[in-house]
Amino acid sequence: MNTSNLIPTPDNWYWPPSQSITSCLVSDNAVVVQWDNNRRSKLHPLWLRDNCCCALCLHQITRENLLDLRDIPEDIRATAVEVDAEGALCISWSGCNHVSRFNPAWLYANSGHQPSAPFNPVFWGTAQLSEPPTFYANDSLISDELLYEVLLSVARHGIARLRDLPTDIELVEAFALRIGAIRETHFDRIFDVISKADGDSNAYTSEYLAAHTDIPTREAPPGIQILHSRVADAEGGESLMTDGFKVAQDIEQEFPEYYKTLTTTKWCYANRAGPKDYRWEAPTIGLDDHGKLLEIRMLPFSRAPLQGSFEDIQKAYAALRCYMVKANSPEYQMRFSFKAGDLIIFDNRRILHGRAEFFPSTGDRSLRGTYLDRDDVFSKIRQLQYQFLLTR
Ligand code: OGA
Ligand code: ZN
Ligand code: ZN
């Protein structure tokens with residue numbers, strides 16, 4: 001696709017033609033745009049002036065603003081508006097001889113008509129999803145199209161599985177780096193989940209691990225976890241996965257009091273093996289400013305002592321028990337075996353993971369893993385969408 005004659009936009013995105021402008025005028029200080037689907041946009045002059053993408057207002061390479069809000073007169077007015085031959089909205093401004101030109105597709109999408117929520121999660125219990133959405137590497141290769149499907153599944157379901165990969169030691173790091181920068185923690189940058197005598201986490205034993213999220217001992221726990229199965233000869237060691245948001249949503253309906261406690265009582269998690277001493281306090285269920293589910297933080301085998309009154313402690317334990325019982329029940333928790341060459345990628349702030357005990361005397365089990373942040377996945381999805389738009 002030739003993009004050379006596109007009308008510029010403030011961002012680096014390709015805005016495919018959408019609605020066109022049938023008329024525009026200035027009314028009562030607002031720029032009123034009429035679209036060909038009968039919708040109308042009432043645009044504020046400050047908003048428009050601030051979003052000017054000409055070379056004076058926006059650095060054309062960095063796509064960051066040069067125009068400073070303090071230099072826009074507070075009482076700025078549009079003195080003339082018109083639609084040019086290419087369909088762009090052109091605005092002349094009071095007090096200067098500046099003209100701004102807006103791509104109509106960008107304007108339509110960004111003035112409230114197309115709320116951008118492409119990553120809406122779909123919550124699941126095992127009735128909806130009994131194993132991870134699964135994708136197969138073709139000849140060991142992961143094409144961009146396949147990666148895109150995998151990442152969309154992570155955004156929607158919180159999890160995806162890739163099968164038929166090689167078991168190379170470098171694979172997990174190379175895969176992660178295709179998506180974003182590795183999120184390092186105080187565990188190794190790339191870690192091997194094997195049973196060993198001197199591990200600093202129960203993950204490095206062969207013990208059963210109840211549903212948990214990794215590293216809530218940090219202010220910002222890693223958003224994405226990737227585990228690549230390199231050896232899967234031991235008996236046991238099935239993976240256990242739960243949609244923590246589905247559990248939270250159901251508790252909100254069934255046990256509103258517990259939900260309140262889970263969203264307000266701060267538990268402390270601590271890495272206690274030393275020498276580092278990370279610890280952080282936060283509610284089990286984290287909500288955003290609109291009360292929407294943001295994250296789950298729960299590492300039952302690394303809880304620090306709860307501080308609080310006798311009554312508070314009673315309530316906190318009852319609510320946490322309720323969450324844990326659901327999160328580890330077959331209604332919510334899927335159970336599947338790893339094969340060598342499987343890779344799972346999941347949202348560590350939404351999906352709780354665990355594993356069945358395994359038996360090292362029956363064979364080896366080795367997962368190699370690493371972390372990313374959540375927005376690495378969102379950024380890569382957008383990047384691939386952009387790439388596909390330009391090449392399809
Ligand atoms: C971990 C972990 C799961 C597994 O390493 O944090 O939970 O299947 N591992 O071994
Ligand atoms: Zn400008
Ligand atoms: Zn874990």
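In this predicted model, the zinc ion (ligand 3) is held by three protein donors, namely His212 through NE2, Asp214 through OD and His353 through NE2, which lie 2.1 Å from the ion. Along the sequence these donor residues follow the spacing H-x1-D-x138-H. The pair of His212 and His353 links distant parts of the chain, since His212 belongs to strand β10 (residues 209–212) and His353 to strand β20 (residues 351–355), 141 residues apart.

Are the two histidines of this site buried or exposed? Both His212 and His353 are buried, and for His212 the assignment rests on a relative accessibility of 2%, where the cut-off for a buried residue is a value under 20%. The side chain of His212 also takes part in contacts with the other two donor residues: a polar contact of 3.1 Å joins the side chain of His212 to that of Asp214, and the side chain of His212 reaches the backbone oxygen of His353 at 2.8 Å.

**Ligand 1**

The residues His212, Asp214 and His353 appear again in the surroundings of ligand 1, which also include Val193, Ala203, Leu209, Phe338, Arg355, Arg365 and Leu367. Polar side-chain atoms of Asp214, of His353 and of Arg365 each lie at a short listed distance from an oxygen atom of ligand 1, as the table sets out.

| Residue with a polar side-chain atom | Distance to an oxygen atom of ligand 1 |
|---|---|
| Asp214 | 3.0 Å |
| His353 | 3.0 Å |
| Arg365 | 2.7 Å |

On its own, ligand 1 has 290 Å² of accessible area, and the protein covers 96% of that area.

**The zinc ion (ligand 2)**

Another zinc ion, ligand 2, is coordinated by the SG atoms of Cys52, Cys54 and Cys57 together with the NE2 atom of His98, at distances of 2.1 to 2.3 Å. What geometry do the four donor atoms give this site? The angles among the donor atoms run from 102 to 115°, and the site is tetrahedral, because four donors count as tetrahedral if all angles lie between 85 and 135 degrees. In sequence, the donor residues of ligand 2 are spaced C-x1-C-x2-C-x40-H. Cys57 sits in the loop between α1 (45–50) and β4 (78–83), whereas His98 sits in the loop between β5 (89–93) and β6 (99–102), so this pair ties together parts that are 41 residues apart in sequence. Cys57 and His98 are both buried.

**Salt bridges**

Side chains of opposite charge can pair when their charged atoms come close. The structure holds 18 salt bridges, among them one between Arg189 and Glu173, whose closest N and O atoms are 2.5 Å apart. This pair links distant parts of the chain, with Arg189 in the loop between α4 (171–179) and β9 (191–193) and Glu173 in helix α4, 16 residues apart. Arg189 is partly exposed at a relative accessible area of 32%, and Glu173 is likewise partly exposed, at 26%.

Asp68 forms a salt bridge with Arg70, in which the closest N and O atoms are 2.6 Å apart. Within this pair, Asp68 counts as partly exposed at 26% relative accessibility, whereas Arg70 counts as exposed at 73%. A further salt bridge joins the side chains of Asp277 and Arg279 at 3.0 Å from N to O, and Asp277 counts as partly exposed, with a relative accessibility of 49%. There is also a network of salt bridges, in which Asp84, Glu86 and Arg101 are linked.

**The chain as a whole**

The protein chain contains eight helices and 22 strands, and its C-alpha atoms fill a box of roughly 80 × 60 × 40 Å along the principal axes. Of its 392 residues, 49% count as buried. One residue away from the metal sites described above may serve to give a sense of distance across the model: Asp342 lies in the loop between β18 (333–336) and β19 (343–347), where it is buried, with a relative accessible area of 1%. The C-alpha atoms of Asp342 and Asn51 are separated by 46 Å, the two residues being 291 residues apart along the chain.

Conventions. Residues numbered from 1 in each chain as written. Chains lettered and ligands numbered in written order. Predicted model: local features only at pLDDT ≥ 70, side-chain atom pairs only at ≥ 80, totals over all residues. Heavy atoms only, no water. Donors = N, O, S within 2.8 Å, 3.2 Å for Na, K, Ca; no water. Tetrahedral: all angles 85-135°; square planar, octahedral: opposite > 155°, others 65-115°. Helix = DSSP H or I, 4+ residues; strand = E, 2+ residues; numbered from the N terminus. Buried < 20%, exposed > 50% of the residue type's maximum accessible area, 1.4 Å probe, protein only. Salt bridge = Lys/Arg side-chain N within 4 Å of Asp/Glu carboxyl O. Near = heavy atom within 4 Å. Polar contact = N/O pair within 3.5 Å; in protein donor to acceptor, adjacent residues only side chain to side chain. Areas by Shrake-Rupley, 256 points an atom, 1.4 Å probe, with all protein chains shown as cover.
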